[in-house]
Amino acid sequence: MAKAKLKVILLRATPDPDEIVALGARLCYAQADIESLRERVEAADQQKYVERVMGRGHLSVTEHASFTFAVEGVSRALLAQLTRHRIASFSVQSQRYVSMADGFDYVIPPSISALGEAQEREFVRQMDTMHAWYRSWQEKLGGSGEAANQDARFVLPNAAATRLLVTMNARELLHFFELRCCNRAQWEIREMAWQMLAACRREAPALFAHAGPACLRGACPEGKNTCGRADEVRERAQTLD
């Protein structure tokens, strides 16, 4: 058992995502055939055109580009939040078919670590205790195998780490980044979202040039609940790599 570390990898993306979005947008307004449009798109940089199309709110064309991420070192608490984004596809490590008999990695909230080493050690001891409970129930329920695992897992904590694949189209990612890169989002999913955004910007700079929380593009929509740190958020977005 060990402290988990968040890791995000962009595994796959639609080839030339900015170009496919530009092609979709041009198709809507042109009489030219597909081959002519494709040659036109491939012959020039489409960044300014894509940004102009998105600035007009023509976002349906961004759904032609999709992105698949591998994520590990995240908690089951994060998973519960992530799967609320329903326009996405998920594959998640099973706690039914994968035994935790040898232990499970776990996520320690920074707020607990900030209390000091003694409190962090207490948290780790609690993880060890829950693992002991899990092993005890496994044995009582027949040892190893899915029949034992599926009910023994009920004593595992939200802190238990998992790994997953998630696929979203660009339009849903824009929505995801607006909500989850915000400082008011929970800290773990916020950090994951920023890592995903950095990968998307490298892959599709035009599509994600202005992606992120709403305060990057104007006033904070949270009203009196604003974090009051819009300048910090904008600086992070500008220096994202």
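# Exercises on a predicted model

D16 is partly exposed, with a relative accessible area of 49%, and this residue opens the exercises below, which concern a predicted model.

**Exercise 1.** Decide where D16 is placed among the helices and strands, and state what is notable about its phi.

*Solution.* Begin with the position: D16 lies in the loop that joins β1 (7-13) to α1 (17-29). Next, take the backbone angle, since phi of D16 is near 45°, which is a positive value in a residue other than glycine. Set this against the general pattern: most residues other than glycine have a negative phi. Finally, return to the surroundings, where a relative accessible area of 49% places D16 in the partly exposed class, because that class lies between 20% and 50%.

**Exercise 2.** Describe the protein chain as a whole, from its order of elements to its extent in space.

*Solution.* First, the inventory: the protein chain holds ten helices and four strands. Second, their order, which from the N terminus on reads β-α-α-α-β-α-β-α-α-α-β-α-α-α. Third, the extent, for the C-alpha trace spans about 70 × 40 × 25 Å along its principal axes. Fourth, the surface, which comes to about 13,300 Å² of accessible area, with 48% of it belonging to carbon and sulfur atoms. Fifth, the share of buried residues, which is 40% of the 241 residues in the protein chain. Sixth, the contacts: of those with a separation of 6 or more, 74% are accounted for by residues 24 or more positions apart. Last, the charges, where 31 positive and 30 negative side chains are found and the centres of the two sets lie 5 Å apart.

**Exercise 3.** Which residues touch the most other members of the largest nonpolar core, and what surrounds F177?

*Solution.* The general background is that nonpolar side chains tend to be buried together in soluble globular proteins. In this model the largest nonpolar core has 47 residues, and F69, F177, M192 and F208 touch the most other members. Helix α9 (residues 187-203) contributes the most to this core, with eight residues. A second core of twelve residues stands separate, and F104, I108, F123 and A152 are among its members.

Now turn to F177, which is placed in helix α8 (residues 170-180). F177 counts as buried because its relative accessible area is 0%, under the 20% cut-off. Beyond its neighbours within four places in sequence, F177 is in contact with C182, A193, M196, L197, C200, F208, A211, G212 and P213. A214 offers a further comparison of sequence with space, since F177 and A214 are 37 residues apart in sequence while their C-alpha atoms are 9.1 Å apart.

**Exercise 4.** Establish how many disulfides the structure contains, and consider C215 in particular.

*Solution.* A disulfide is a covalent bond between the sulfur atoms of two cysteines. A search of the whole structure finds zero of them. For C215, the nearest cysteine sulfur is that of C220, 6.2 Å away, and C215 is in no disulfide. The step from distance to conclusion rests on a cut-off, because a pair of cysteine sulfur atoms has to lie within 2.5 Å to be counted. As for accessibility, C215 is buried at 9%, whereas C28, at 49%, is partly exposed.

**Exercise 5.** For Q95, H131 and A237, determine whether each is buried or exposed, and name residues that each one touches.

*Solution.* Take Q95 first, which sits in the loop between β3 (89-92) and α5 (110-113) and is buried, with 10% relative accessibility. Its contacts, not counting residues up to four places away in sequence, are R76, M100, N149, R153, L156 and A160.

H131 belongs to helix α6 (residues 117-140) and is buried, with a relative accessible area of 13%. With neighbours within four places left aside, H131 is in contact with M1, M100, A101, D102, G103 and F104.

A237, finally, is found in helix α10 (residues 230-238) and is buried, at 6% relative accessibility. Apart from neighbours within four places in sequence, A237 is in contact with W194, R201 and L216. A237 and A2, which are 235 residues apart in sequence, lie 31 Å apart from C-alpha to C-alpha.

Key
Residues are numbered from 1 along each chain as its sequence is written. This is a predicted model: local features need pLDDT of at least 70, side-chain atom pairs count only at pLDDT 80 or more; totals for chains, interfaces and linings use all residues. Side-chain values use heavy atoms; hydrogens and water are left out. A nonpolar core is a set of buried Ala, Val, Leu, Ile, Met, Phe, Trp, Tyr and Cys residues joined through side-chain atoms within 4.5 Å. Buried means under 20% relative accessible area, exposed over 50%, partly exposed in between (1.4 Å probe, protein chains only). Helices (H or I, at least four residues) and strands (E, at least two) are DSSP runs, numbered from the N terminus. Contact means heavy atoms within 4.5 Å. Accessible areas come from the Shrake-Rupley method with a 1.4 Å probe; for residues, only the protein chains shown count as cover. Lys and Arg count as positive and Asp and Glu as negative; His and the chain ends are not counted. The place of a charge is taken as NZ of Lys, CZ of Arg, CG of Asp or CD of Glu.
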